[in-house]
Amino acid sequence: MSLHLYDTSTRAVREFVPVEPGRVSMYLCGATVQAPPHIGHIRSGVNFDVLRRWLMRQGYDVTLCRNVTDLDDKIIRVAAEEGVPWFVVAERNQRAFSWAYDQLGCLPPTVEPRAMGHVPEMVELMRRLIDKGHAYAAGGDVYFDVVSYAERYGKLSNQRLENMRAAGDTDTDSLKRDPRDFALWKGAKPGEPTWPTPWGRGRPGWHLECSAMATKYLGETFDIHGGGVDLIFPHHENEIAQSQAAGDGFARYWLHNGLLKLGGEKMSKSLGNSLLIPEMLRKVRAVELRYYLVAAHYRSEIDYSEEALQEAAAGYRRIEGFVTRAAEVIHDVDADAPLPQAFVDAMDDDLNVSQALAVIHEVVREGNVALAQGNKEQVARLLAETQNMLDVIGLDPRSEQWRASGGSGMREVVDALIAVALEQRQAARARKDYAAADAIREQLAAAGVVVEDTPKGPRWELAR
């Protein structure tokens with residue numbers, strides 16, 4: 001079976017056929033940087049990182065454009081509250097997002113454009129829309145005329161125009177021809193950054209930037225547009241309207257990841273329920289947090305709980321334990337070993353990572369049996385399969401990413417502390433003080449650290 005993906009625009013699973021054979025162009029709505037990221041924000045980046053890795057594994061040359069919204073109403077409001085320029089807020093939080101993506105093993109995007117660096121492209125897009133009769137200037141603002149696009153507006157979100165409420169995106173609705181029209185450009189206001197246009201100074205509306213940047217870097221028609229389900233309306237609906245009304249084909253597949261909630265509510269700073277990434281990395285290692293975020297199907301909703309997080313961490317450690325033990329026996333892993341067909345089928349079935357992980361765990365169980373039996377040939381094959389599957393999902397514990405960090409910055413501290421305890425235990429055993437050695441081992445066990453004595457010396461892992 002070839003890769004099939006659920007396309008929001010058709011509400012059906014479709015075979016993926018790229019615009020250009022051998023190449024995939026993908027646009028992902030990235031961060032609006034008014035605050036540092038919580039795990040709800042980062043889930044999208046991790047999910048689409050897995051899609052990118054799978055496409056690369058299949059031999060595609062993938063171009064990923066992930067934007068940064070570095071100026072909007074929220075950023076301006078936060079800056080005013082803090083008494084700092086808007087760009088200080090944007091830059092600080094953009095760095096926090098970049099750090100979080102890196103910590104969780106996301107490959108760097110091919111290009112990461114910022115909205116404020118692309119105002120000329122936005123002005124040109126507005127000009128095209130005005131010339132075609134799909135937008136109009138009023139009092140320094142520029143609006144998209146939804147009635148002019150009524151036949152197609154609402155198809156992505158499965159809504160009819162007559163049932164839609166007012167856009168509610170400006171405080172100048174009196175200037176609109178229709179309250180459902182949305183702002184492409186907002187006229188200058190005191191204390192806000194502005195740029196010159198033929199229709200007056202001002203700044204972009206939220207939706208305009210993505211259309212301008214996506215087509216600049218990926219072309220008038222590209223393969224995949226991704227983001228969270230909360231962006232379907234109005235953001236992605238408006239992107240489609242303004243892009244296609246201007247004459248661009250725009251995205252051929254629309255993919256949306258489910259939200260991550262807490263107590264049934266969407267995570268947001270306003271609700272005070274944000275779980276920020278540094279806080280999460282004090283609970284589990286970064287690689288374990290990544291496992292938690294990808295373990296559910298990308299389109300499913302996750303309701304966060306500490307129990308589920310710890311279960312996911314334990315599940316990853318079972319995989320990691322096999323890879324670690326097998327690597328002590330097998331030193332050269334076949335990176336070209338074929339992936340199990342069941343794994344391939346799961347990934348091709350709308351990126352069913354949860355089923356793919358079930359395949360990995362089954363191979364790990366077989367691998368542990370082979371290790372116990374001393375079957376090195378079997379261990380070598382199963383280790384290669386396991387690592388190759390984990391590489392697709394970005395979870396291989398022996399990859400450069402996770403070996404360098406140990407899964408998170410905190411792991412280095414843990415390693416150092418446990419190393420000291422093990423040295424003390426070895427010293428106690430050397431002087432035949434076995435009671436002291438056993439006491440150290442018991443104290444480590446009580447802290448969740450299992451020590452195994454091997455011919456090469458003690459080896460430890462976190463309790464499962």
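**Reading the labels in a predicted model**

Visitor: Why is Asp 145 called buried?

Guide: In this predicted model, Asp 145 has a relative accessibility of 11%, and because buried means under 20%, the residue counts as buried.

Visitor: What makes Asp 145 and Arg 177 a salt bridge?

Guide: The closest N and O atoms of Arg 177 and Asp 145 are 3.3 Å apart, and since a salt bridge needs a nitrogen of Lys or Arg within 4 Å of a carboxyl oxygen of Asp or Glu, the pair qualifies. Both residues lie in the loop between strand S6 (141-144) and strand S7 (182-187), so the salt bridge ties together parts that are 32 residues apart in sequence.

Visitor: How do you know that Arg 177 is exposed rather than buried?

Guide: Its relative accessible area is 58%, and because exposed means over 50%, Arg 177 falls in that class, whereas its partner Asp 145 is buried.

Visitor: Why are Arg 23 and Glu 20 described as partly exposed?

Guide: Arg 23 has a relative accessibility of 36% and Glu 20 has 43%, and because partly exposed covers what lies between under 20% and over 50%, both residues receive that label. Their side chains also meet in a salt bridge, at 3.8 Å from N to O, which is within the 4 Å cut-off.

Visitor: What does the salt bridge between Asp 350 and Arg 299 tie together?

Guide: The closest N and O atoms of Asp 350 and Arg 299 are 2.8 Å apart. Asp 350 lies in the loop between helix H10 (341-348) and helix H11 (353-373), while Arg 299 lies in the loop between helix H8 (286-295) and strand S13 (302-303), so the pair ties together parts that are 51 residues apart in sequence. Asp 350 is buried at 2% relative accessibility, whereas Arg 299 is partly exposed at 37%.

Visitor: How do you know that Arg 299 sits over the ring of Tyr 6?

Guide: The charged end of Arg 299 is 4.2 Å from the centre of that ring, which is within the 6 Å limit, and the charged end is indeed listed as sitting over the ring of Tyr 6. Likewise, the charged end of Arg 14 sits over the ring of Tyr 253, 4.1 Å from its centre.

Visitor: How many aromatic pairs does a search of the whole structure find, and what makes Phe 97 and Tyr 101 a tilted one?

Guide: The search finds 13 aromatic pairs. Phe 97 and Tyr 101 are 6.2 Å apart from centre to centre, with 50° between the planes, and because centres within 6.5 Å make a pair, while planes neither under 30 degrees nor over 60 count as tilted, this pair is tilted. Both residues lie in helix H3 (residues 86-103), four residues apart, about one turn of the helix.

Visitor: Why is the pair of Phe 250 and Trp 254 called tilted?

Guide: The ring centres are 6.0 Å apart and the planes stand at 40°, so this pair is tilted. Phe 250 is buried at 0% relative accessibility, and Trp 254 is buried at 2%.

Visitor: Why is Thr 386 called buried, and which residues does Thr 386 touch?

Guide: Thr 386 has a relative accessible area of 0%, and because that is under 20%, the residue counts as buried. Thr 386 lies in helix H12 (residues 376-393), and the residues touched, not counting those up to four places away in sequence, include Phe 322, Ile 360 and Val 364.

Conventions
Residues are numbered from 1 along each chain as its sequence is written. This is a predicted model: local features need pLDDT of at least 70, side-chain atom pairs count only at pLDDT 80 or more; totals for chains, interfaces and linings use all residues. Side-chain values use heavy atoms; hydrogens and water are left out. Helices (H or I, at least four residues) and strands (E, at least two) are DSSP runs, numbered from the N terminus. Buried means under 20% relative accessible area, exposed over 50%, partly exposed in between (1.4 Å probe, protein chains only). Contact means heavy atoms within 4.5 Å. A charge sits over a ring if NZ of Lys or CZ of Arg is within 6 Å of the ring centre and within 35 degrees of the ring normal.
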